[in-house]
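Okay, thanks for making time, everyone. I'll put the structure up and then talk through a few bits of packing.

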Amino acid sequence: MDKSQAPHIDTLLQHTATAPFNPQTGSAPVNLPSMRASTVRFQSLDALEATQRRKAGGERAATYGRMGMDTHAALEQVFCELEGGTHAYLASSGMAGITMVMTSLLSAGDHALVADCVYGPVYELDAALLKRMNIELTYFSAGDDLETLVRPNTRLVYVESPGSLLFQMLDLPALAAFARRHDLVLACDNTWGSGYVYQPLQLGAHVSVVAGTKYVGGHSDLMLGAVITNDADVAKRLNRTQYAMGYSVSADDAWLALRGVRTLPIRMAQHARNALQVCEFLATRPEVARIYHPAWPADPGHALWQRDCTGSNGMLAVELRLSPEASRRFVDALRLFGIGFSWGGFESLVQWVTRGELARHRYWTGGDHALVRLHIGLENPRDLIADLAQALQAAA
């Protein structure tokens, strides 16, 4: 089947990883059950050794429950469909997935270039682990000349696009061309797009990392990470590190992700519609200095978003002409927005961003203005807008 005749991703998400028919009864449940297992038993030594040979040859063949059974394999296939990858590796959280990438692709004495807009805990991974392993990271901004930052021991370019907190769009095809010129691996945190509205591998990246905790799960009830690649050499390195470090994911969490991903297309589209309505309201308010949301036409990254993305989601940040005290009153006055650090669930959330977090991002030019990050959920947008309006009034 050529690409023009292949099923749309919306169709694939409804039909991938369903339960197979029982050959005796000819029946099957719609959803693949959660298959929990620690021990895998074999009918004979020949069967065990055949499975080991398949595993050594690169197949997904389970000899022990830690790597997961059918439920895990089904979810790995879903991530491959979403991202356009050939291999997927699960982790217990998005951050664990990032750690898997770093420890798989970097060794003692290596150097990596990291975008300064990445997820904040990457900085802690650097300070707490990578420095002790004698791995050095150089943080760069989109305007930097990367040619001057490459060293003989540089091995990896690691980015997040759109960036964390300010949703800065990076030119991924240009970064991919740079990486290939210097024989570097390009890895991208794609939690924002989750494979559905943004596909780094198709734009030239070697690795895509997704926190399935967010939009894939969609219900704020699981922790999950995934690392996807379409590069055979990178896959071997990820596979070996995942196994050696004992990465394991609950079968029930894998099942919850399979349940959640079925409704990803309609959920993400509704989040995106609601977010644009909120942007339209915020743009009318004198307290609002700037809206950070790549699908918003006034965002500086809008052209890149139009070129590289097929949709958006509910994430945005708002720069407010408010003092720190007034912005805290604004956050505390919100009634429909929970105060919390996650996103991608059905509910609306708000995060008050600290000065320390903003200091890392050279994309930030707001000076003393306050910044709040909003996740626009699936509530009626009129109610969310009314809540934001009363909170702005309370802040004043």
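**Helices, rings and cysteines**

So, let's start with two helices: the axes of α9, residues 264-282, and α13 come within 10 Å and cross at roughly 35°. Keep in mind that this is a predicted model. The crossing of α9 past α13 is right-handed. Who's touching whom? On the α9 side, the contact is made by N274, Q277, V278 and F281, and on the α13 side by P381, I385, L388, A389 and L392. If you sort the residues of that α9 and α13 contact by type, you get seven nonpolar, two polar and no charged.

Now α13, residues 381-395, turns up again when you look at α11. In α11, which runs over residues 324-333, the buried residues are A326, S327, F330, V331 and A333. What do they pack against? Besides α13, the buried residues of α11 pack against four strands: β9 (315-320), β10 (338-339), β11 (349-352) and β12 (370-375).

Okay, aromatics. Searching the whole structure turns up four aromatic pairs. One of them is Y123 with Y139, and that pair is stacked, with 4.4 Å centre to centre and 10° between the planes. Y123 sits in helix α5 (residues 121-130) and Y139 in strand β3 (residues 136-140), so the pair ties together parts 16 residues apart in sequence. Y123 counts as buried because its relative accessibility is 15%, while Y139, at 22%, counts as partly exposed.

Then there's Y292 with Y363, an edge-to-face pair with 6.2 Å centre to centre and 65° between the planes. Here Y292 belongs to strand β8 (residues 288-292) and Y363 to the loop between α12 (355-359) and β12, so this pair ties together parts that are 71 residues apart in sequence. Both Y292 and Y363 are buried. Add W364 and you have one aromatic cluster of Y292, Y363 and W364.

Last thing, cysteines. How many disulfides do we count? Zero. Why is C117 not bonded to C188? The C188 sulfur is the closest cysteine sulfur to that of C117, but it's 9.0 Å away, which is too far for a bond, given that the cut-off is within 2.5 Å. C117 counts as buried, at 2% relative accessibility. For C279, the closest cysteine sulfur is in C309, at 15 Å, so that's too far for a bond as well. C279 is also buried, with a relative accessibility of 0%.

That's my tour, so over to you for questions.

How values were computed
Residues are numbered from 1 along each chain as its sequence is written. This is a predicted model: local features need pLDDT of at least 70, side-chain atom pairs count only at pLDDT 80 or more; totals for chains, interfaces and linings use all residues. Side-chain values use heavy atoms; hydrogens and water are left out. Buried means under 20% relative accessible area, exposed over 50%, partly exposed in between (1.4 Å probe, protein chains only). Contact means heavy atoms within 4.5 Å. Axes are lines fitted to C-alpha atoms, for helices over the stretch in contact, and angles run from 0 to 180 degrees between N-to-C directions. A crossing is left-handed if the near helix is turned anticlockwise from the far one by less than a right angle, and right-handed if clockwise. Ala, Val, Leu, Ile, Met, Phe, Trp, Tyr, Cys and Pro count as nonpolar, Asp, Glu, Lys and Arg as charged, and the others, Gly among them, as polar. Rings of Phe, Tyr and Trp (its six-membered ring) pair if their centres lie within 6.5 Å; planes under 30 degrees apart count as stacked, over 60 as edge-to-face and the rest as tilted.
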